[in-house]
Amino acid sequence: MPGHVVPASDPFVHTALIVDSDDTVRTRLIPYLRRSLDAQERVLLVVGGQVERLVRASLGALADRLEWGGHDTFGVRLGLAYEGLRRYLAAQHASGNPVHVITEPDVVTDAHPGSPDRAAAHLSYESACADAYAGYDCPVTCLWDSRRHPTLVIEGVRSLHSHELTETGRVPNAAFLATTDYLAVRAEVPLEPTPPVVELDVGLTSLDELAPLRGVLRAWAHERSFDVEAIGDLVVAVTEVATNALVHGALPVRLRCWSHRDTLIAQVDDAGGRRIPPAAGYRHPDRAGKAGGRGLWLARQLADVVTTHTDRSRTSVRLYFPPATTHRGPTA
């Protein structure tokens, strides 16, 4: 198959590089980087230590012409990392200095029942990239190591990138799924059952009840050793979702909160059965093309993982607040 060169006029080029050995980095990524350097293109790498060592060993002094970012970006909340990259690309575009970003997402899923599927949540953000990053003229290439991630995750990665980097170069991906199609499938996945016993169970019937609810949430998170800023983020995120349920859903609205292996979890249900648009909350409200939509977007920034599901009788939003990410603010 001949290599495919994407025209510079394409609004956004999202490429996957599936790594199954160190040789894959040498035979696919290194030539890719050499072509960019020969073309005097800016390249920012946000990759793990092993990939950086392979790149530096292969390129020698040329590696100093690349820009290097901190890999700990992926240790923050998923929405913050996603929005941080969007703002970075927007700034580069505005300055007339576009950059090709090469990342190696460092996200793994805790297989323990009740834990959030962080890899699946990250893939939803990957899917939304095509819309959120369009127009910035900054291509993004994502490295995923098949030795570290399950086959289902790697299959999902392939379907979410418009191109794949092969030994012959960057080629179009015939299996590519558009953002709306992928997120619509994800929205059909039901949430895991709530525990039979929870730590908070509150019914809401009016917006006037949100003020005392904030105090209850603060006390709950404080008792579980969350710091002041993390508590504030949790309270804002949960009340934003509760507000949406009261305004756009149907009564009764129910909030349940519990903890699982130090992670605080909150779920808001309303009886409306009104389907939440699959892409809701992924795009910054200023770029969403319509008024409103800030509540779920803000919740996705402040919680690490947010999942939604709608059936005929109920609309549910579940938020996860792991201490390791909730206690970390945004990274540049």
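Select Leu251 to start: leaving aside residues up to four places away in sequence, Leu251 touches Leu204, Thr205, Leu246 and Ala271, where contact means heavy atoms within 4.5 Å. Leu251 sits in the loop between helix H8 (228–248) and strand S9 (253–260). Helices (H or I, at least four residues) and strands (E, at least two) are DSSP runs, numbered from the N terminus. Now add Leu213, 38 residues from Leu251 along the chain: the two C-alpha atoms are separated by 17 Å.

A word on what you have open: this is a predicted model, in which local features need pLDDT of at least 70, side-chain atom pairs count only at pLDDT 80 or more, and totals for chains, interfaces and linings use all residues. Residues are numbered from 1 along each chain as its sequence is written, and side-chain values use heavy atoms, with hydrogens and water left out.

**Stop two: the sheet**

Switch to cartoon and pick out S3-S2-S4-S5-S1-S6-S7, which is the order of the 7 strands in an open sheet with mixed pairing. Two strands pair if DSSP finds at least two bridges between them. Look at the edges, where strand S3 (67–68) and strand S7 (169–172) each have a single partner strand, so one side of each is left without a neighbour in the sheet.

Next, select S1, residues 14–19. Is this strand buried or exposed? 6 of its 6 residues are buried, so S1 is largely enclosed by the rest of the structure; buried means under 20% relative accessible area, exposed over 50%, and partly exposed in between (1.4 Å probe, protein chains only). Turn the strand over and you'll find both faces covered, with His14, Ala16 and Ile18 on one side and Thr15, Leu17 and Val19 on the other.

Bring in the neighbours. With strand S5 (residues 140–145), S1 pairs in the parallel sense over 6 bridges, and His14 has Val140 as its bridge partner there. With strand S6 (residues 163–166), S1 pairs in the parallel sense too, over 2 bridges; here Ala16 stands opposite Glu164.

Carry on from S6 to S7: the two run antiparallel, joined by 4 bridges, and the hairpin between them goes through 2 residues. Label His163 and you can see Pro172 of S7 opposite.

Now jump to strand S2 (residues 43–46) and strand S4 (residues 100–103), a parallel pairing over 4 bridges. Val46 faces Thr103 of S4 in this pairing.

**Stop three: helices on the sheet**

Show H3, residues 78–94. H3 lies across S2, S3, S4 and S5 and runs at about 160° to S4; axes are lines fitted to C-alpha atoms, for helices over the stretch in contact, and angles run from 0 to 180 degrees between N-to-C directions. H4 packs on the sheet as well, touching S1 and S5, with its direction at about 155° to that of S5.

Then add helix H9 (residues 294–302), whose axis comes within 5 Å of that of H3 and crosses it at roughly 105°. The two helices are therefore roughly perpendicular to each other, a label that covers 65 to 115 degrees, with under 35 degrees counted as roughly parallel, over 145 as roughly antiparallel and the rest as oblique. For the contact itself, select Gly79, Leu80 and Glu83 in H3, which meet Trp297, Arg300 and Gln301 in H9.

**Stop four: the rings**

Select Phe12, Tyr82, Tyr125, Tyr133 and Tyr282 as sticks: ring pairs link them into a cluster. Rings of Phe, Tyr and Trp (its six-membered ring) pair if their centres lie within 6.5 Å; planes under 30 degrees apart count as stacked, over 60 as edge-to-face and the rest as tilted. The count comes to 4 aromatic pairs. Phe12 and Tyr133 are edge-to-face, 5.8 Å centre to centre with 80° between the planes. Phe12 lies in the segment before S1 and Tyr133 in the loop between helix H4 (118–132) and S5, so the pair ties together parts that are 121 residues apart in sequence. Tyr82 and Tyr133 form a tilted pair, 5.5 Å centre to centre with 35° between the planes. This pair links H3 to the loop between H4 and S5, 51 residues apart.

Keep Tyr282 on screen and add Arg300: its charged end sits over the Tyr282 ring, 4.1 Å from the centre. That needs NZ of Lys or CZ of Arg within 6 Å of the ring centre and within 35 degrees of the ring normal.

**Last stop: His149**

Finish in the loop between S5 and helix H5 (151–160), where you'll find His149. At 7% relative accessibility, His149 counts as buried. Not counting residues up to four places away in sequence, His149 touches Pro105, Val107, Val108, Trp144 and Ile154.
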